[in-house]
Amino acid sequence: METDLFLAWFEEAARLVRENRDRLNRLDAAIGDADHGTNLDRGLTEVLKALDDSPAGSPAEVLTTAGTTLIRRVGGASGPLYGSVFRQMGKSLETPVTLAGFATAFEEGVVAVERLGKAALGDKTMVDALAPASRALALAVRDGVGVRKGLDQAARAAVEGAKATIPMQARKGRASYLGERSIGHEDPGAASAALFLEALATVAA
Ligand code: ADP
Ligand code: MG
């Protein structure tokens, strides 16, 4: 997995988030403050600018630049949370990047966000899409499947994980203020996490 693939990942993620901005805002309107799509759209536009201004020489540098930019430029909770995933991945990733190396770095990224947000599986957050994706990647590595198929399985697991947040009651973030009224809506951060995984599977295909 080369630097260009990681650059293409963020370009496709920015495109997909823009395409889904209103849907993400609507999901956030139901259980939050209606800004998740706008936050991420703005953040990813800044990420593309930053990657343009200081070209990354390795996959790890792409991730570190993306993470730092999201932390600096996104006002909502999701900026620092996604930022921590990508910055940790940037720290963990060794070149050349294999699917196994990527899976390990991704897992460490998920651990970083769980720590920062004090969120676990079932709390109705982005973790509910990220952790199943990480598990799918680990299984793909164990089973010796290729990059394309492994990333595809991770993307599917993330989408399923996001859908599985619908019946959950939020225990973290703004949505938790709603208590039982948070039940019945997909978590916006889990939905955007699925978009990130989908973007990666698309550019790797
Ligand atoms: P804000 O809540 O500040 O408006 P966003 O709307 O951009 O920020 O992001 C909301 C998303 O962030 C939620 O849908 C959830 O997935 C995620 N989130 C919020 N708090 C946490 C947390 N403590 N741990 C993990 N994810 C969280
Ligand atoms: Mg919000």
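Visitor: In which loop does Lys118 lie?

Guide: This is a predicted model, and Lys118 is a residue of its protein chain with a positive phi of about 50°, although it is not a glycine. Its place in the chain is the loop between H6 and H7.

Visitor: Is Lys118 buried or exposed?

Guide: A residue counts as exposed when its relative accessible area is over 50%. Lys118 has a relative accessible area of 65%, so the word for it is exposed.

Visitor: How many helices and how many strands does the protein chain have?

Guide: Read from the N terminus on, the elements run α-α-α-α-α-α-α-α-α. The count is therefore 9 helices and 0 strands.

Visitor: What radius of gyration does the protein chain have, and what would a compact globule have?

Guide: The C-alpha atoms fill a box of roughly 45 × 40 × 30 Å along the principal axes. For 205 residues, a compact globule would have a radius of gyration near 17 Å. The value for this chain agrees with that: 16 Å.

Visitor: What percentage of the contacts with a separation of 6 or more is between residues 24 or more positions apart?

Guide: Contact here means heavy atoms within 4.5 Å. Of the contacts in the protein chain with a separation of 6 or more, the share from residues 24 or more positions apart is 68%.

Visitor: What percentage of the residues is buried?

Guide: Buried means under 20% relative accessible area. Among the 205 residues of the protein chain, the buried share is 54%.

Visitor: How much area does the protein chain expose, and what share of it do carbon and sulfur atoms supply?

Guide: The exposed area of the protein chain is about 9,400 Å². Carbon and sulfur atoms supply a share of 50%.

Visitor: How far apart are the mean positions of the positive and negative charges?

Guide: The protein chain has 24 positive and 27 negative charges. Taking the mean position of each set, the distance between the two is 4 Å.

Visitor: What span should helix H3 have, and how far apart are its end C-alpha atoms?

Guide: H3 covers residues 36–53, which makes 18 residues. At 1.5 Å a residue, H3 should span 26 Å. The distance between its end C-alpha atoms agrees, at 26 Å.

Visitor: Which helices do the buried residues of H3 pack against?

Guide: The buried residues of H3 include Leu40, Leu44, Val47 and Leu51. As a general matter, residues three or four places apart in an α-helix point the same way, because there are 3.6 residues a turn. The packing partners of the buried residues of H3 are H1, H2, H4, H5 and H9.

Visitor: Which residues does Leu44 contact, leaving aside neighbours within four places in sequence?

Guide: Leu44 lies in helix H3. At 1% relative accessibility, Leu44 counts as buried. Its contacts are Phe10, Ala13, Ala14, Val17, Leu70 and Phe196.

Visitor: Which residues does Ala13 touch, not counting residues up to four places away in sequence?

Guide: Ala13 belongs to helix H1, and at 1% relative accessibility it counts as buried. The residues it touches are Leu44, Phe196 and Ala199.

Visitor: How far apart are the C-alpha atoms of Ala13 and Asp41?

Guide: Along the chain, Ala13 and Asp41 are 28 residues apart. In space, their C-alpha atoms are separated by 9.3 Å.

Visitor: Which helices do the buried residues of H7 pack against?

Guide: H7 runs over residues 127–142, and its end C-alpha atoms are 22 Å apart, in agreement with the expected span. Its buried residues include Val127, Leu130 and Leu137. The helices they pack against are H5, H6, H8 and H9.

Visitor: How far is the C-alpha atom of Val113 from that of Val127?

Guide: Val113 lies in helix H6 and is buried, with a relative accessible area of 2%. The residues it touches include Lys118, Val127 and Leu130. Val113 and Val127 are 14 residues apart along the chain, and their C-alpha atoms are separated by 7.6 Å.

Visitor: Which two residues does a cis peptide bond join?

Guide: One of the two has its place in the loop between H5 and H6. The omega of the bond is about -5°, and the residues joined are Thr95 and Pro96.

Visitor: How exposed is Ala34?

Guide: Ala34 is in the loop between H2 and H3. Its phi is positive, about 65°, although it is not a glycine. Ala34 is partly exposed, with a relative accessible area of 32%.

Technical notes
Residues numbered from 1 in each chain as written. Chains lettered and ligands numbered in written order. Predicted model: local features only at pLDDT ≥ 70, side-chain atom pairs only at ≥ 80, totals over all residues. Heavy atoms only, no water. Helix = DSSP H or I, 4+ residues; strand = E, 2+ residues; numbered from the N terminus. Rg over C-alpha atoms; globule rule 2.2 N^0.38 Å. Buried < 20%, exposed > 50% of the residue type's maximum accessible area, 1.4 Å probe, protein only. Areas by Shrake-Rupley, 256 points an atom, 1.4 Å probe, with all protein chains shown as cover. Lys, Arg positive; Asp, Glu negative; His and termini not counted. Charge placed at Lys NZ, Arg CZ, Asp CG, Glu CD. Expected span 1.5 Å × (residues − 1).
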